[in-house]
Every structure is written in C-alpha cells, then in structure tokens.
Amino acid sequence: MSNAVNMTTGNPARLIFRLAVPLMLTNIGQQLYGIVDAIVVGRGVGVDAFAALGACDWLVWAILWAVQALAQGFSSLIAQRFGAGKEKDMRHAFGMCVWLCLIFGASITIVFVILARPLLTALGTPADIIDGATSYLTIIYGGTLIVIFYNMCAATLRAVGDGKTPLIAMAVAGGTNVVLDLIFVMIFKWGIEGAAAATLTGQAVAVILCLIVLKRSPLFKMERSDWRWDIPMAKEMCGLGIPLALSSTIVVIGGILAQAVINSAGTVFVAGCTAANKLHGTLDTSAVAIGFASSTFIGQNYGAGKIGRVREGIKKATIIAIAVGAAITIAMFIFGRPIVGMFLDRSVENAELALEYAYQYVMIMSAMLIGAYLMNLYRYSLQGLGNTVAPMFSGFFELGARLFVAYVFPIFLGNFGLFFMDGSAWWAAGIFQIVCFYKTLKEREKEVSRS
C-alpha cells in the first residue's frame, strides 16, 4: 500500500499534520452528509421536517459516535503491531476487528431499530414531527452495519498511516449523497426518508472503495489463519474499544437529556438548534482528525518503544490543535451568519426566528471551540497509549457539565443559557484528559525503561 506511512521515524509535526489534513477533509466530507440532508430537507420540505431531522440528532450520534469509537479502539492494536513491525500479528488483529464489528454492528442494529420510536417519545419529541423523525431514525439505525464497516476500514487504513484512501472514498461517497439527496427528496418527493436513504447509500460506496484498497494491499494479504477466532485478542481489542464506546454513550446520554430540554421549548427553537447542531460536527471535525492522527503516531511509536517521540509528538499536536481551533473560531465569527442562513428559506414562516436561534448557538460554540480540540486530541492520544479507561471517565465530566448547564443556566439566562452546553462539556472533559495523559505517559516511560 503506497499510502501507508511508518511514523516511527521522521519529523513528528510533519507526520501528524500530513495524516491529519486528509483526515480533516474526510471528516468534513462525512459531516457534509448531515449538512446536505438538512439543507435539502429544510428548503425542500419545510421547517417541521427540518425540526424532525434535528430531533434525531443526538439519537443518530449515539450510534455514529459509538461505532466510530469501537472501530478506532479496535484499530489501536493494528497501529501498535504495525509500528512494532509485526505484520502477521497486524493481519490477525484486522481479522478480529472484522469479526467484532460484525457482532457489535448486528446487535446494535436489532436493538435500536426496535427502540427508535420509544426513544423519541421519551425525549418528548413534539407530536407534529415525531412520525417523520421515527422514519428517519429507523432507516439510519437499519444501516448501522454499513456505518461501522466504513469506520472500521477507515480506522484500519489510518492505523498504518494512510489518510488518503478514506479521503478519496468519502469524496466519492459525498458526491453520491448529494446527487441522491436531490433526486430522492426534490424529484421523487420521498421527504425525510429519502434523505436517510441517500446518506446510507453514500456511506456504502465509501465502504466498497476502502475494501477494494485493503484487498489489493500487500499489508493485508489475508490467510485463513488470520481469520481464526482469538479470545485473548478479542478481549484485548474490546478492552480498547468498549471503554471508548461507553465514553461516547455517556456523552450522548447527556446530550439526549439536554435535547429533552430543547424539545420542551417548541418546534421553532428545535429547528434553530438543529441548524446549529449540523454545524457542530463540522466545527470540531478537524479536532477529531487531529486526535486520530495523534493516536496513530503515538500508537506506532509506543508499539516501537519510542516514548521520547511520543512526548515530542503530543507537544507538536497540541500546537496544531490550538492553531486550527483558533482559525476556525475566527472564520465562524466572520462568516457564521451567512453559513447558518443556508439551512432555511427565510421567507418561510418562523424561519427567521429559527435562524437567529441557530446563529446565537453557533457563536457561543465557536467562542469555546478550542476546548473541543484539546478534548479530542488528548482523548485519542490516551487511546494510542493503550489507556481507554480515562477517556471513558471523561465522559462523566462531559455529562455533568452538559446537564449542569442545561438545567441551571436557563434559570438565569432563559433558553439562551442552553447554548453554553457544548463548550462547557468540552472544557471539563479536556482538562481532565490532559492530566490523565501526562500521568499515563510517565507510567509508560517506566514500563519501557524496565523492558
């Protein structure tokens, strides 16, 4: 695989940035799925359908973040084996990754398709949008295997330093999604269900393209023995992936409880928060990319026993994260209002008020955005060191901060206080994880020096 990169030698900042940039573009492409869905539904169907899309946000993220965390956690073992030069073990780890993703993906699909409407009901979703929200959510949950296998393929490629292939796959998939969105929603008039179908079809295209590259790679020339079930390795991989998924689940629980507060403010307020939340993922998507790149760098170098390079790499990655976060903050302060304005036709009833809510929310998030970059950087860097327990506990800091803001700030600031939820959660979890990272790094240094 010509795009694979051994990160145990060379300039750390250049290597991390080189991997992070295509990952940023890949993640932006993935976020565009939701943004295109929102724009097409908002302008092509109306405010109620747009609000229905927003009522699903946290419930969609519950699955997306969980499967992304599982795949990223499983791939940490692949990165460590690759960095150590153990290619046979790396292929076996990939085989186990496929089995585990199949098991978890099928289980999640069955459970959450059944729970789609009960979850929306429990959140107090307004009666005028719950049917549309249920249809959208059921289709998305039904495609969980597609989502987890894309994340598995992309995480595996990143583990060996290949950020280009997921980027190309996502670009093609993104184009497919845009075209199908327009056809299904604007021409066929399938409404919110058409947007869901377009999203999953685009993701399936990305899976196929990544699998083609993996199959052709000499690094992943799989033999029958590579597919054997290995209980010790399965336990090790679950120990890396499940705590991260639990961390995401804890965060999502906070978001879901906060969504219930938002839903109580009415359909127009929900629509405004929907527009902001569609940008939420795009604002911090580069943070996740830098975190993934740092995780790969740290995982490979930790596997090779090069702790000095780990320490140097995290310092460089922190500078990159702060710089990118600051740049995006400035850009949103300048261009935030016209960007938010894309989601709804201002001539439609209540659209102007919904867009004003969205703009206020986005500006507060942007002001606190560097916290998201530090949180994601250190969360995934801890994973690279093999510590997934600290990121799991950081989820409780996010949960606590989000709920405190959701239930206390409105007492003094009204609904405007809800806009501080995300930023407060980012900073609370980020500070905790920075402390945990350097504590873990000292422990790893002692382990390597003894070996």
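Throughout this tour, a residue is called buried when its relative accessible area is under 20%, exposed when that value is over 50%, and partly exposed in between (1.4 Å probe, protein chains only). The model is predicted, so local features need pLDDT of at least 70 and side-chain atom pairs count only at pLDDT 80 or more, while totals for chains, interfaces and linings use all residues. Residues are numbered from 1 along each chain as its sequence is written, and side-chain values use heavy atoms, with hydrogens and water left out.

Begin with the whole protein chain in cartoon view, where there are 15 helices and zero strands, both being DSSP runs numbered from the N terminus (helices H or I, at least four residues; strands E, at least two). The C-alpha atoms fill a box of roughly 65 × 45 × 35 Å along the principal axes. Colouring by burial comes next: of the 451 residues of the protein chain, 60% count as buried.

Now select helix H12, residues 351-367, whose 17 residues should span 24 Å at 1.5 Å a residue, which agrees with the 25 Å between its end C-alpha atoms; the expected span is 1.5 Å times one less than the number of residues.

Within H12, show the side chains of the buried residues, among them Ala-351, Leu-355, Tyr-359, Tyr-361 and Met-365. Finally, add helix H10 (267-303), helix H11 (307-340) and helix H15 (421-450), against which the buried residues of H12 pack, with contact meaning heavy atoms within 4.5 Å. Zooming out again, among contacts in the protein chain between residues at least 6 apart in sequence, 85% join residues at least 24 apart.
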